[in-house]
Amino acid sequence: MKPTIYDIAREAGVSATTVSKVINNKGRISEKTKAKIMKIMEDLHYQPNVLASAMKGKNTFTIGIIIPDMNNPVYSEYLKLIEAYGRELGFSILICNTNNDPEKEEEQVTLFRQRQVDGFIIASKFKNDEVLKELINENFPLVLFALERPELSIDCVTIDDFLGGYKVTEYLLSLGHRQIGVMTEDAVSSLERVKGYKRALSNADIEYSEKLIYQSETTIERAVEQAGKLLDNQDRPTAIFGCNDVLAVGTIMAAKQRGIKIPNELSVIGFDNTFMCKIVEPQLSSVAAPLGEMGRKAMDLLISKIDKTNKLKQRIKMLPDLVIRETTARVYGKEGQ
């Protein structure tokens, strides 16, 4: 009987993941450990064959990443960081875009499982609860990234969206803004960010108004359209918080169409701190998440599920930071009192 990667790992006293790193020449493995593993492989006449392993139900060292919407540049940031760290650990990454379609979510999960992926990372949104619960019930290795489902027993790595919304609003209030609008999207993260916004208003004894909240799809065109409605209000806000950078950039464009000067007449701040923040004029203030650290934690958590070295469910929540650039300022002609 041919030896498997697990036989090598057992002989060497290491995890299968460590053996995979050596086979694929990835990751940071000490020369001593690498030499030991290579010697055992030579002694056992081990020949790695990923496809054969997959057919026998063994690990393929492949992970499926499911994202909802390529229109939002934050997903390219997620993918770049997760994919780089995955390669470092000896894993290949398969990626799909579901366009927020529950049927496509089911199709992609089925396709990935047919291709024998070892686990899934689901980023930001997943609408097909039935498929998600099936994966959980099967104990299939799965981690949510930038998405939290408090009602489900599932591993996740997220940013504290509530705190992000709170810090944005607190900052705008410190600049003297009292009429603060919000551009949201249909996402759990946006709901949490709006909750933080509401709490900051409440703590400052400022009444919350539904008239200042507009929801948009995450495209520039729709963001410009919806932000335009917000800016055309009789009681126009002096600041607008976009719950992602696409919505914030759409707001800037809508303001420019109306001759509204940024930041003198309108402050705008986004969320995610994507590359868009530096290519718009003026450069966009935004909320930054430690995406690199989040990606590493998500991969490490998923691999511990694949290796069955960690049976505990974990919810890891990272803290956001404000990155202040050129689109936010004190209320024009006021001292911010």
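**A tour from ring faces to a parallel sheet**

Begin by selecting Lys198 and Tyr208 in this predicted model: Lys198 lies over the face of Tyr208, at 4.6 Å from the ring centre.

Next, select Arg193 together with Phe271, where the charged end of the arginine sits over the phenylalanine ring, 3.5 Å from its centre. Keep Phe271 on screen and add Phe241, since these two residues form a tilted aromatic pair, with 6.4 Å from centre to centre and 40° between the planes. Phe241 belongs to strand E8, whereas Phe271 lies in the loop between E9 and helix H12 (276–279), so the pair ties together parts that are 30 residues apart in sequence. Phe241 is buried, with a relative accessible area of 0%, and Phe271 also counts as buried, at 1% relative accessibility.

From Phe241, widen the selection to the sheet, an open one of four strands in the order E7-E6-E8-E9, paired in parallel. Its edges are strand E7 (213–215) and strand E9 (267–269), each of which pairs on one side only, and the twist from one strand to the next averages 15°.

Now select strand E6 (residues 180–184) with strand E8 (residues 239–242), which run parallel and are joined by four bridges; within them, Gly181 stands opposite Ile240 of E8. Then show helix H8 (residues 161–174), which packs on the sheet by touching E6, E8 and E9, its direction making about 160° with that of E9. Helix H10 (residues 220–231) packs on the sheet as well, touching E6, E7 and E8, with its direction at about 155° to that of E6.

Finally, select Tyr75, Tyr78 and Phe145, which ring pairs link into a cluster.

Conventions:
Residues numbered from 1 in each chain as written. Predicted model: local features only at pLDDT ≥ 70, side-chain atom pairs only at ≥ 80, totals over all residues. Heavy atoms only, no water. Pairing = 2+ DSSP bridges. Helix = DSSP H or I, 4+ residues; strand = E, 2+ residues; numbered from the N terminus. Axes fitted to C-alpha atoms, helices over the stretch in contact; angles between N-to-C directions. Contact = heavy atoms within 4.5 Å. Phe/Tyr/Trp six-rings, centres within 6.5 Å; stacked < 30°, edge-to-face > 60°. Buried < 20%, exposed > 50% of the residue type's maximum accessible area, 1.4 Å probe, protein only. Lys NZ or Arg CZ within 6 Å of the ring centre and 35° of its normal.
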